[in-house]
Every structure is written in C-alpha cells, then in structure tokens.
Amino acid sequence: MRVGDLARPCPTVQVTDSLGKAAEAMRKSGCPLLPVLHDGQVVGVIEESSLLTASIDSPHGSTVSDLMKPLPAFVPSDAPLTQAAWLMKVHHVIALPVVKEDGRLQGVITGSDVASVLLHGLRPSRIGGMATPLGVYLTTGTHRGGVGDFALILTGITMALCLLAARLMVLVGLFIADAFLDTRMFEYLVSGIGFVPPAPWGGNWLDVLPWLQMLLFFMLMRALPLTGYHGAEHQVVYAIERGEDLTPEAASRMPLEHPRCGTNLAALLLLLVTILFSNVPPFLMVALVIVTLLFWRQVGMLLQRYFTVKRPKAKQLLSGLRAGDELLRRFQNQPFRPTPIFLQVWNMGFLQVFAGAGMTFLLSNRIVVALGFPHHLLF
C-alpha cells in the first residue's frame with residue numbers, strides 16, 4: 001500500500017482566512033490539521049491545538065497567517081507508509097499533507113491511519129454480506145471477500161426453490177383436504193370454479209394460504225445449511241465492526257441476529273404483499289398494514305432467531321472467517337479506493353440473487369404451462 005491509497009480528503013484554508021473559518025472547517029472534516037494555501041501552494045499548516053490556544057489568547061480579527069506553522073514536511077502519494085511513519089516520528093507531528101506527482105495536494109494522512117494499517121487494525125465502518133450454499137460472502141460495497149457471483153446466484157435459486165416447494169406442499173394439502181372434506185378448493189384455485197367453505201372472518205379458507213405458504217418457506221429455509229452460513233456471516237460482521245480479532249473464539253461470542261440483516265427488509269415486504277393481496281376485509285387490512293409498519297423490524301429479528309439464522313458449525317464459521325480475512329486484506333490495501341456506483345450496487349450481491357431466483361421462477365412457470373396447468377398455479 002502507498003500513502004496515496006490512505007490519504008483522506010481534507011479542506012484547505014487560505015492565509016487570509018479567519019481563525020473561525022479554519023476552526024469550523026476542522027470541526028466538520030475531523031482532520032487534525034489543515035493545509036494552508038497561498039497562490040495555490042501549500043505554505044504551512046494549522047493544527048487543532050493551536051486553534052484551541054488561539055480561542056483563549058489570540059485577539060479578535062486574527063487570521064490563519066498569524067497562527068500557521070511552517071510546513072514540517074510533506075509525503076509523496078507514491079511513498080510507502082513506512083516513510084510517512086518515519087517522517088511523523090522525526091518531525092513530531094500527528095498528520096502530514098499528501099502531495100501528488102504534479103505537486104497538487106491530494107489530502108492528509110494521519111498517524112492513526114498509518115499505525116492502523118501497519119498493525120493490521122484498519123477496519124471498514126460498515127459491512128454487508130450474504131449466506132450462500134457454498135459459503136459466506138462479505139462486502140463493503142467497494143471490496144469483496146469470500147465466495148463469488150456464482151454462489152450468490154445459487155442463493156437466489158435456493159430461495160426460489162424453497163418458495164416453490166412451499167407452494168407445492170400447499171397445493172398437495174388442498175388436494176388431500178378436498179378428498180376428506182368433500183370440497184373443491186384445489187379446483188377453485190386452478191380454474192376459479194369449485195367450492196370453498198366460508199371462513200368465520202367473512203372471507204374463505206383460501207385466504208390463509210399465503211400465510212401458510214410463508215410459514216412453510218421459512219421452515220424449509222431453517223432446515224438448510226444456508227442458515228448456518230447466515231449465522232457465521234453475522235458473527236464475523238459483528239467481530240469486524242467491533243474491532244475483534246478474527247478467530248473462532250472471538251467470532252463465536254458474537255450475536256447471531258443482526259439489525260441490518262436482509263431478513264428484516266424481507267419481513268416487511270412479505271408481510272405487506274401478503275396483506276395487500278389477501279381477501280381480508282378493508283378495515284382489517286388497514287389495521288394489519290399499520291401494525292406491520294410499526295413492528296416490522298421486531299418481526300424481522302424474530303424471523304432471524306427462529307427461521308433464517310442458526311448457530312454455525314465449525315466449518316461454516318471458518319468460511320465466514322476466511323471471507324472476513326480476505327475482505328480486510330483487500331480493504332487495508334486500498335481503504336479509500338473510489339468505486340463507481342454501478343459497481344457498488346453489483347458488489348452488494350442482490351442483483352445476482354434476484355437473477356438466480358428469476359431464472360428459477362421463469363423455468364418453473366414454463367414447466368407448469370407445458371404440463372397444461374395455468375401459469376398462476378405456482379404464484
């Protein structure tokens with residue numbers, strides 16, 4: 001890694017700017033020093049400690065030129081981090097300006113930035129991830145670690161197959177119920193002609209099918225190894241975000257449910273879709289929508305605990321740790337690498353999952369129609 005990979009953008013001030021303007025720029029940016037420019041060239045720096053002293057001692061109307069210090073040193077953007085560390089030690093400073101080959105200012109590098117990388121402690125502020133049938137996938141949006149795109153596509157295929165299996169189980173259950181109850185619910189579902197017993201709430205018993213299908217889907221998901229990888233993903237993400245070492249002992253102490261898990265969003269969408277497409281009375285539909293909007297996160301956390309996440313086996317946890325190590329290694333090499341927005345979206349993994357699920361649903365629909373059933377039978 002070079003210094004330029006770690007340089008953070010920072011504001012600059014002119015020699016004629018007021019100290020108040022410099023203090024506010026420093027506060028907003030969080031930089032421990034500000035480069036001072038004159039005619040486009042860096043002529044000095046102003047430090048946080050100097051501004052604090054000036055807030056007590058300096059007369060009103062003082063400018064940056066009254067307080068700036070001579071530039072102790074600068075570090076080229078292509079220099080190794082060890083050179084930056086040496087310059088900071090020699091000049092007794094906590095940050096240095098970073099200059100490009102053409103002499104233009106690139107930003108500032110701090111002592112904590114350098115030390116964190118050299119001591120292998122630099123961590124991204126936020127991480128996302130997914131569980132796949134082949135292992136754990138982690139991403140910062142810019143960097144990736146763990147399994148690749150094919151595994152993400154398999155996740156979409158797996159989830160789609162679970163939904164289709166749940167639907168088939170419901171259809172088989174209806175067929176059996178018709179035989180014992182002398183009803184024609186399956187025929188009604190297929191052709192719209194048949195007999196469905198009325199339900200106590202004013203609708204019919206087919207209204208419960210979406211809820212039953214959803215329950216069966218989550219039960220099928222729970223039985224798969226995928227949920228173990230999901231637990232490993234959460235524990236490794238927690239370990240990274242809390243600054244823990246990526247060891248089996250440290251990761252296994254982390255919680256299994258995560259507040260940013262996609263299960264929470266899935267819970268919101270599934271509940272809303274199920275409610276809006278059911279035949280419940282309008283007043284009950286409105287009440288259910290309100291309750292969903294108020295408590296969807298809590299529902300999502302419960303779904304994680306009882307259906308989509310379980311404690312990983314040793315092999316699954318190691319998969320998550322390998323993904324975490326790979327992600328951190330790539331992040332530490334280029335922590336502030338600019339990434340186009342379309343690539344960030346791709347790295348999130350949702351497009352690959354949707355592609356796998358879409359292909360599965362399309363193929364299953366073609367098979368159902370080829371067998372002579374209506375295309376809506378599985379959906």
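Strands here are DSSP runs of E, at least two residues long, numbered from the N terminus. The model is predicted.

**Stop 1: Gly-103.** Select Gly-103. This residue sits in the loop between strand 6 (95-99) and strand 7 (105-110). Is Gly-103 buried, exposed or partly exposed? Its relative accessible area is 42%, so Gly-103 counts as partly exposed. Now check the backbone: in the turn, Gly-103 has a positive phi of about 90°. Add Val-43 to the selection. The two C-alpha atoms lie 12 Å apart in space, while 60 residues separate Gly-103 and Val-43 in sequence.

**Stop 2: the hairpin.** Select strands 6 and 7. They form a hairpin with five residues between them. The two strands run antiparallel and are joined by five bridges. Pick Val-98 in strand 6; its bridge partner in strand 7 is Gly-107.

**Stop 3: the other neighbour.** Add strand 5 (residues 75-76). Strand 5 runs parallel to strand 6, with two bridges joining them. Here Val-98 is the bridge partner of Val-75. How many residues of strand 6 are buried? Five of its five are, and the strand is mostly covered.

**Stop 4: helix 13.** Jump to residues 282-308, which make up helix 13. Its end C-alpha atoms are only 31 Å apart, where a straight helix of 27 residues would span 39 Å. Centre the view on Phe-295. A kink of about 70° in helix 13 is centred there.

**Stop 5: the packing side.** Colour the buried residues of helix 13, among them Met-285, Trp-296, Leu-303 and Phe-307. Then show helix 9 (209-223), helix 10 (226-241) and helix 12 (262-276); the buried residues of helix 13 pack against these.

Notes: Residues are numbered from 1 along each chain as its sequence is written. This is a predicted model: local features need pLDDT of at least 70, side-chain atom pairs count only at pLDDT 80 or more; totals for chains, interfaces and linings use all residues. Side-chain values use heavy atoms; hydrogens and water are left out. Helices (H or I, at least four residues) and strands (E, at least two) are DSSP runs, numbered from the N terminus. Buried means under 20% relative accessible area, exposed over 50%, partly exposed in between (1.4 Å probe, protein chains only). Two strands pair if DSSP finds at least two bridges between them. The expected span of a helix is 1.5 Å times one less than its number of residues. The bend at a residue is the angle between axes fitted to the seven residues ending there and the seven starting there. Contact means heavy atoms within 4.5 Å.
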